[in-house]
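Student: I want to go through this model term by term. Show it to me, and be ready to justify each label.

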There are 2 protein chains.
Amino acid sequence: MLDFAVLGLLMERARHGYELKRALGELGFWKVSFGSLYPALRRLEKRGAISAVSGTGRRKAYQITDEGLKIFDTLLKADPDASETERAFQIRLAFLGHLPRERRVQVLEGRRTKLSTNLKSAREILIDARSNTENQDRYRLALMEHAMATTESDIAWLDGLVAAERGVASQN
Amino acid sequence: MLDFAVLGLLMERARHGYELKRALGELGFWKVSFGSLYPALRRLEKRGAISAVSGTGRRKAYQITDEGLKIFDTLLKADPDASETERAFQIRLAFLGHLPRERRVQVLEGRRTKLSTNLKSAREILIDARSNTENQDRYRLALMEHAMATTESDIAWLDGLVAAERGVASQN
DNA sequence: TAAAGCATGTAAGAGGTTACATGATTGG
DNA sequence: CCAATCATGTAACCTCTTACATGCTTTA
């Protein structure tokens, strides 16, 4: 997962560890720690996915290798399995531009389906909870309602992305 | 964290493992696994926080003990530290009703402050990214924008909860 | 020349998941 | 009586964080 994100960032250009941490943080959903990042870099180097191209001073910049490109491609193309994390999906999304259009739409719609399913079961649980008149904590209800609203907004957002893909499609 | 959630659920009534898993799942943000839950139960029992009151058949129901109540109280009252997870906050929220009103407002406003800070830095990064005309991936931008919108909606929601507390306050 | 920030790295451990093993209970 | 679901439990392992250790580089 972290490996995937690192490879994705190195697709654009060589970067050193510190820079990768910043770039990852700027994606907004993950402030990865050095204790996680540096071991990941060595792991990737050992696999031959990246290679060090020494930077200025103490910096150790890495570039992606042909082997790394292959690995990145495999990770990107693999259909996201059902248990894909929130984070994993966001990383996939961050690099979705590297996928051909039909593939992109597939990923987005797969996610949409999953969220719809979640939403449906959340709705049922909420109805149940509300009819269970006594004793239902109002914070718990507020939490559930807000989660549902957020999911609905996520779905609408995904629909927007898909629509944009299709819109572009007619011009491509 | 899991311990906290388990204690919180056992505050209401005795429950067995399977039931705890379901209840936790119904909160909406965490489908905990058995491999995590059962060891947690034994851990809590060893600490004297819960005790088994045998249920029907194979079921092993647990109830919270006086010691468990103390632990739950401590966990609930501790000011959430800066690195509190999303999940940890949601659990805290699920049991916020057990806290006195002023404390509740404190927790909500603490969270609001954190989200505001995040939002501010996200906005700066986004402005930066947009002015960096070339090469900024559109999916990355969409991701950042959506994250910002979600955070804004979360803040508005928190404001609503705080307003509700204050509204109730004048009647209590 | 000291402080602040940049940069890399390791060890320990927190906090989970997956996969497996086992068996009871219920419904068609 | 068979399948599905309920129910408990263990072992292996994965992923990431925290805390620590180290030293370079820039700037006031």
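Student: What makes the order of elements in chain A α-β-α-α-β-β-α-α-α-α?
Tutor: The elements are DSSP runs counted from the N terminus: helices are H or I with at least four residues, strands are E with at least two. By that rule chain A has 7 helices and 3 strands. Strand S1 covers residues 15–16 of chain A, so it meets the minimum of at least two residues.

Student: What are the ground rules here?
Tutor: This is a predicted model, where local features need pLDDT of at least 70, side-chain atom pairs count only at pLDDT 80 or more, and totals for chains, interfaces and linings use all residues. Residues are numbered from 1 along each chain as its sequence is written, chains are lettered from A and ligands numbered from 1 in the order written, and side-chain values use heavy atoms, without hydrogens and water.

Student: How do you know which strands pair in chain A?
Tutor: Pairing requires at least two bridges found by DSSP. S1 and S3 (residues 60–64) of chain A have 2 bridges and run antiparallel, so they pair. Here A:His16 stands opposite A:Ala61. S2 (residues 50–54) of chain A and S3(A) have 5 bridges, also antiparallel, so they pair too. In that pair, A:Ser51 has A:Gln63 as its bridge partner.

Student: What lies between S2(A) and S3(A) in the hairpin?
Tutor: There are 5 residues between the strands, and A:Gly57 takes a positive phi near 60°.

Student: Why are residues of H2(A) such as A:Leu20 called buried?
Tutor: Buried means under 20% relative accessible area, exposed over 50%, partly exposed in between (1.4 Å probe, protein chains only). A:Leu20 is listed as buried in helix H2 (residues 17–26) of chain A, so its value is under 20%. A:Glu19, A:Ala23 and A:Leu24 are also among the buried residues. Over chain A, buried residues make up 41% of the 172.

Student: Which elements do the buried residues of H2(A) pack against?
Tutor: They pack against helix H1 (2–12), S1, helix H3 (34–46) and S3 of chain A. Contact means heavy atoms within 4.5 Å. Just after H2(A), A:Gly28 takes a positive phi of about 105°.

Student: How does the radius of gyration of chain A compare with a compact globule?
Tutor: The radius is taken over C-alpha atoms, and the globule rule is 2.2 Å times the number of residues to the power 0.38. For 172 residues the rule gives near 16 Å, but chain A has 20 Å. The C-alpha trace spans about 65 × 45 × 25 Å along its principal axes.
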